[in-house]
Amino acid sequence: MSHERMTHLLNKQRSFLPPEHGKTSAWISGADEYEAICQQALADPQDFWNARASLLLHWFKRWDKVLEEDSVNHKYRWFTGGKLNASFNCIDRHLISGRRNKAALIWQGEDEMAKRCYTYQMLYTEVCRMAHALSSLHIRKGDHVALYMPMIPELVIAMLACARIGAVHTAIFSGYAEGGVRSRIQDAKARVVITADAAIRAGKLKPLKANLDPILEKCPSVAHVVVVRHAGLDNIHMQGRRDIWWHDLIDDFTLNADYPCEAMDANDPLFLLHTSGSTGKPTGILHSTGGYLTYAAHTTQWCFDMRDDDVYWCTADMGWITGHTYGVYGPLALGATTIMFEGVPTYPKPDRYWRIVENFRVNILYTSPTVIRSLMREGEAWTERYERDSLRILATVGEPINPEAWQWFHKHIGREELPIVDTWWQTETGGVMISPMAYATKLKPGSASRPMPGIDAAVLPSPDNANPDLDNRVCETGTGGHLVIRKPWPGMMLGVFNNEEKYRSYFTRFGCYESGDGAVQDEDGYFWILGRIDDSINVSGHRLSTVEIEAVLTSAAEVAEAAVVGMPHALKGEAIYAYVCLCSDVPWSEELRVRLRDMVRRDIGPLASPERIQFVEAMPKTTSGKIIRRILRKIASGTADELGDVTSLANPQVIPGIVDGHANLLDGLAENTPRQETSDGAEG
């Protein structure tokens, strides 16, 4: 991307000042305070994190050293010598601080009448009962427990019960196919798997226990399977001595509902979570107890201006890192009320989210751009019939939000007055790294703003082997490069499970953490995320940003989403292949294809003009809303038989249609196929 082009794009952006209302009670109440905190945190990071860890968490034993650093091997250990327990911090301490009868977890099922509310006292009781139950199955500190579960309260209870006894939980998204479930259980060597009879999604049941049984034939580490009776399915096969119903297991501990917390070392692992990875092979990310929980509480409090009387809803599945940090550990560590929803935003009607906001008087809503765009397609009439005046902060996660979706969210949900906190972070980082402060920084639609206090982010060019002295120089304003974090932070991953080489790969190119994402900074120091660094295309020696081309395509009123990848080309090396998903009432047509191509040519230049534009019903996505571009890249290059692991897809059923559409497009037949209604089910 040229310097002139990026400067032009950045100069076109509007900015919005933070609202005045709410400033006086905000944790960070203005730009001056924010700047002072950032400077202090970077000048003396150990003192800064020492203060935050002391303030935010309860420690059984204070640490001996804030940070032990082995910069040669890139090993960073936070709060060494410190002892704490994540379950105690999320539940027990609130019982003696006036929150005993306060709502901790509110669950809304897909059925409107299916609701459950747990106070902190009730959550304590259920977690202790499950801790007893796991102990009765001979689960001890350091053992691994796999959670292959739908979005039900038992998932949160199981996570906190594992944390209570020191077991390492590894959540497996219930939408994964057989290979994804099996590989994660095998990698973790889980001794117990907790599951349910079925998951409920968009009016359909997905069997989980039945799916799990053949998988476990190749998972010899599993000694027990605990099954939640959730959907009420009949004829669930229960294997003797291995399988047990959740309710039968915990009923033995009804009268003894106290279980002491295991004192965990700060650097003992809390959980293992596998990413889908750009190569298709899951990578097991380990997070620590002390550093991770400190960072979860730190970012939840400051990023969302969280108060303990807030009703907070992170719409992400709690089987993903966003659900871990901002659905469970962050809000519960701060004593807030967190909402859990089993369902999709458009079922049975596109008003489901706004009904939940009204019913539970939600104050903070954290969702994905994918969800926003899907609701935007349905029109604002669905939102206007519900009260949304309880909302005070909106937030997004999963991918850069396009300015059009930002503006819609701001106008129709935020009443043109609420701050939108657009966050950037990763599974490996543990929590938000770059984000606006709701009441302290001006907002620029499409920008993740500036780093959280305590985070040293930078944009660096590719290393210059011919001039190594120039390495690690910062890119000029408006010039894209590699997004890196130059100093360690408490939430960073403890390691990659059983893969030291993969862990080192995050640090080898720049000597500090390389995110794998591209970014550019503007004159205000704001970061604009450009997507994965390999999401660029070298056309005739010119490197073009796929995100930039996508932005032009989605600026058309007819386009709901676009994904751009490279395809092999005999003369150009690479050519541009665009997948376009249209709004629900827009027909596919050759005229629209030509107009979209002309828009890109006019706005960026002839080099950026797509070689092919394929209309699709839906993009292949993870449940967090990320488009899996490696799949689209394979299809565009004609190697659809080499897709690899597709288990992280929320909607694997869309792949055959995309493959067929690609073949038809090459034959000039793409628009002969009638459109059908689809639902990708992504929900942040």
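Author: A residue is buried under 20% relative accessible area, exposed over 50% and partly exposed in between, with a 1.4 Å probe and protein chains only. This is a predicted model: local features need pLDDT of at least 70, side-chain atom pairs count only at pLDDT 80 or more, and totals for chains, interfaces and linings use all residues. Residues are numbered from 1 along each chain as its sequence is written, and side-chain values use heavy atoms, with hydrogens and water left out.

Reader: How many helices and strands does the protein have?
Author: Both come from DSSP runs, numbered from the N terminus: helices are H or I with at least four residues, strands are E with at least two. On that basis, the protein has 20 helices and 30 strands.

Reader: What radius of gyration does the protein have, against that of a compact globule?
Author: The radius is taken over C-alpha atoms, and the globule rule is 2.2 Å times the number of residues to the power 0.38. The C-alpha trace spans about 75 × 60 × 55 Å along its principal axes. For 684 residues the rule gives a value near 26 Å, and the protein agrees with 24 Å.

Reader: What share of contacts in the protein joins residues at least 24 apart?
Author: A contact means heavy atoms within 4.5 Å. The count takes pairs at least 6 apart in sequence. The share that joins residues at least 24 apart is 73%.

Reader: What part of the exposed area do carbon and sulfur atoms supply?
Author: Areas come from the Shrake-Rupley method with a 1.4 Å probe; for residues, only the protein chains shown count as cover. Of the 684 residues, 62% count as buried. The protein exposes about 25,400 Å², and the part from carbon and sulfur is 50%.

Reader: How far apart do the centres of the positive and negative side chains lie?
Author: Lys and Arg count as positive, Asp and Glu as negative; His and the chain ends are not counted. Each charge is placed at NZ of Lys, CZ of Arg, CG of Asp or CD of Glu. There are 71 positive and 86 negative side chains, and the separation of the two centres is 2 Å.

Reader: How many salt bridges does a search of the whole structure find?
Author: A salt bridge puts a side-chain nitrogen of Lys or Arg within 4 Å of a carboxyl oxygen of Asp or Glu. One network links Glu112, Lys115, Asp351, Arg352 and Arg355. The search finds 36.

Reader: Which residue forms a salt bridge with arginine 129?
Author: The closest N and O atoms are 3.5 Å apart in the pair of arginine 129 and aspartate 251. Arginine 129 is in helix 5 (residues 120-136) and its partner in helix 9 (residues 246-251), so the bridge ties together parts 122 residues apart in sequence. Arginine 129 is buried at 11% relative accessibility. The partly exposed partner, at 44%, is aspartate 251.

Reader: Which residue forms a salt bridge with aspartate 143?
Author: Aspartate 143 pairs with arginine 191, with closest N and O atoms 2.9 Å apart. Aspartate 143 sits in the loop between helix 5 and strand 6 (144-149), and arginine 191 in the loop between helix 7 (178-188) and strand 8 (192-196), so the pair ties together parts 48 residues apart in sequence. Aspartate 143 is buried at 17% relative accessibility. The partner, partly exposed at 29%, is arginine 191.

Reader: Which side chain does aspartate 305 meet in a salt bridge?
Author: The N to O distance is 3.1 Å for aspartate 305 and arginine 392. Aspartate 305 lies in the loop between helix 10 (290-303) and strand 16 (311-314), and arginine 392 in the loop between helix 14 (381-384) and strand 19 (393-396), so parts 87 residues apart in sequence are tied together. Aspartate 305 counts as buried at 2% relative accessibility. The partner, buried at 12%, is arginine 392.

Reader: Which residues does aspartate 92 touch?
Author: Aspartate 92 is in helix 4 (residues 86-95). At 11% relative accessibility, aspartate 92 is buried. Leaving out residues up to four places away in sequence, aspartate 92 touches Ser87, Tyr124, Arg164 and Cys261.

Reader: What is omega at the cis peptide bond of tyrosine 347 and proline 348?
Author: Proline 348 lies in the loop between strand 17 (337-341) and helix 12 (352-360). The bond that joins tyrosine 347 to proline 348 is cis, with omega of about -5°.

Reader: What is phi of asparagine 235?
Author: Asparagine 235 sits in the loop between strand 11 (224-228) and strand 12 (243-245). At 80% relative accessibility, asparagine 235 is exposed. Its phi is positive in a residue other than glycine, near 60°.

Reader: What positive phi does arginine 241 have?
Author: Arginine 241 is in the loop between strand 11 and strand 12. Arginine 241 is exposed at 82% relative accessibility. Although arginine 241 is not a glycine, its phi is about 70°.
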